[in-house]
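Me: I'm new to this one and would like a close look at a single part. Could you walk me through the place where the ligand sits, and what surrounds it there?

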Amino acid sequence: MTVAHDIVDLHPEVSSFLARKEYSSFVNGEYLAAQTNELISVHDPYSEEPIATIAEAGEPVVDIAAQAAVRAIKEWKKVLPNQKEKALFDYATLIEAHAEELAQLLVLEHGKLFSDAKKEVSAAVNCFRYYAGWSTKIEGSTLDVSLSGGDHFAYTKREPVGVVAAIAPWNVPIMMYAWKIAPALACGCAVIFKPSEFTPLTALRLAELSTSISHFPKGLINVVTGSGIKTGQAMIHHPSVAKVTFTGSSDTGRIIGQNAAKRLKSFTLELGGKNPVLVLDDADYTKVPGGICKGIFYNQGQVCVSGSRLFLPKAKFDNTLADMAGIASSMKLGSGFGPDTKLGPVVSEDHFKKVMQYIEEGKNDNIELVTGGHKGEGKGYFVEPTIFANTENKKVSVETEEIFGPVITAMPYDDFDDLLRKANDTIYGLSASIWTSNLHKAHRLIDQIKAGIIYVNSPVRSDPNLPLGGFKQSGIGKELGRSAIDAYTEAKSVCLHYS
Ligand code: TXE
């Protein structure tokens with residue numbers, strides 16, 4: 001197993017972490033001996049070389065993790081809210097102190113740019129800090145009731161939902177760890193977290209770090225390694241798991257939702273998107289091309305909220321695409337550690353094949369390829385930043401399906417109603433971005449676009465206080481903000497008869 005980014009001096013803690021080479025699940029505060037012989041290779045998408053193996057956790061390990069989580073919830077309940085707050089805050093500070101190391105590990109397992117990896121660690125730190133504050137602010141309400149027979153005092157209190165099974169994707173592994181674990185812990189839950197089999201290393205390292213936080217009981221954070229079909233399913237089916245939270249594809253989300261519903265467990269699904277970018281003729285066209293490129297090519301397009309369907313007024317179509325093509329074709333592909341790199345590889349060979357397959361379909365569907373459309377040169381799962389122009393409004397896969405790569409399809413529109421109809425013509429409803437200088441038109445679009453999160457004059461981003469989740473086939477439930485507090489607690493109604 002090799003680490004091929006010879007342009008970087010690896011942090012000593014990364015080198016010693018990677019020296020282990022074989023990883024199992026981190027449960028109840030320690031690495032468990034693997035219970036099966038099934039191993040999964042983890043590859044560096046830049047070198048295509050294996051850098052580690054993980055053991056399939058499967059049912060036996062999930063069962064040990066669930067028992068540890070049940071015990072941890074009892075211990076965590078004894079920790080006062082302000083002690084929970086401090087513990088989560090301390091964890092954030094510890095992660096921040098290890099930012100350089102975690103960002104390097106993230107580049108190696110995922111391929112993203114080191115600068116973006118550092119931003120991702122920062123976002124995770126902010127998320128833990130944000131939810132640290134919520135630990136002391138969980139509240140119910142008092143309620144007037146109309147019951148006969150004397151006086152009554154009625155109120156609700158919010159209680160932790162219990163053991164949470166969190167199943168995460170590979171696109172933002174550290175951020176997903178924070179988005180799912182921070183609010184769950186603030187609410188008094190314990191978590192069994194399954195990172196994607198493609199990017200399991202950062203979650204394991206984060207779990208290792210959590211053991212030094214005083215007040216975190218053993219088993220509060222458990223990271224189980226393995227595939228979705230074996231380990232992920234074992235998590236959903238385990239009787240001690242009360243809640244399932246999943247981020248990933250709509251197809252997998254459907255399976256997970258069905259299985260959770262069969263066992264009457266609550267679930268949150270954050271799924272795919274094919275997000276519209278709506279540019280009006282009064283937008284600031286000095287900012288539009290750069291903003292749109294950032295919105296689709298960031299993280300190689302592997303972001304659920306990335307804007308992948310672009311709608312431009314006819315009069316601005318050719319010039320804007322020419323400007324965007326100029327930006328895209330000058331992006332340097334390379335190692336995430338390269339100082340000039342603007343686009344890293346996509347995460348895996350399978351994903352590379354999927355993205356290239358869509359590009360070939362776009363070419364075969366006879367829509368115009370404006371720029372890109374090829375594999376990057378040499379080794380590594382590189383895809384050129386690609387722009388298609390679908391001027392005849394054909395129903396083609398690059399325009400209708402989530403590619404999750406650096407590929408955008410542009411379409412011209414005639415007028416406001418045509419724009420609205422085209423933008424909403426999708427099974428998804430995750431995000432949208434609107435570019436205009438007209439506040440009135442912006443609000444009309446905000447009211448009528450079916451999407452869970454909308455940004456105006458900016459690519460879509462995330463903030464811990466801003467709930468995120470999809471309409472239509474983009475999901476059920478919300479993450480972040482107060483919404484996550486509601487998701488990881490349930491209201492208990494109490495009524496005292498006192499006369
Ligand atoms: O996702 P999956 P994959 C989309 C994107 C991408 C496609 C496939 O279009 O090309 O999904 O990526 C676990 N029971 N998104 O295959 O299958 C799996 O182990 C239980 C959108 O990686 O959804 C991993 O931990 N768990 C997206 C997680 O689910 C199962 C982010 C995600 O895997 C399972 C990533 C099963 N039957 C990809 N099957 C977003 N919305 O942000 C898989 N898993």
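Reply: A quick definition before we start: a polar contact here is a pair of N or O atoms within 3.5 Å. Also keep in mind that this is a predicted model.

With that cut-off in hand, take Thr252: one of its polar side-chain atoms lies 2.9 Å from an oxygen atom of the ligand. Trp170 does something along those lines too, with an N or O atom of its side chain 2.6 Å from a ligand oxygen. Gly228 joins in through its backbone, where a polar atom is 3.2 Å from an oxygen atom of the ligand. As for cover, the ligand on its own would expose 820 Å², and the protein buries 88% of that.

Now zoom out a little. The spot that holds the ligand is the second largest pocket. Around the ligand there are 28 residues, and the closest of them are Ala168, Trp170, Glu197, Lys354 and Glu402. So Trp170, whose side chain makes that 2.6 Å approach, also belongs to this closest group. If you sort the shell by character, you get 11 nonpolar residues, 12 polar ones and five charged ones.

Where in the fold do these residues come from? Several elements chip in with at least two residues each: the helices α8 (228-237), α9 (250-262) and α12 (349-364), plus the strand β11 (241-247). The largest share, four residues, is supplied by α8. You've met parts of these elements already: Gly228, with its backbone contact, falls in the 228-237 stretch of α8, while Thr252, with its side-chain contact, falls in the 250-262 stretch of α9. Lys354, one of the closest residues, sits in the 349-364 stretch of α12.

Methods. Residues numbered from 1 in each chain as written. Predicted model: local features only at pLDDT ≥ 70, side-chain atom pairs only at ≥ 80, totals over all residues. Heavy atoms only, no water. Near = heavy atom within 4 Å. Polar contact = N/O pair within 3.5 Å; in protein donor to acceptor, adjacent residues only side chain to side chain. Areas by Shrake-Rupley, 256 points an atom, 1.4 Å probe, with all protein chains shown as cover. 1 Å grid on protein atoms, 1.4 Å probe; cavity = no way out; pocket = protein on both sides within 12 Å on 5 of 7 lines; lining within 4 Å. Sits in = over half its atoms within 2 Å of the grid points. Nonpolar A, V, L, I, M, F, W, Y, C, P; charged D, E, K, R; others polar.
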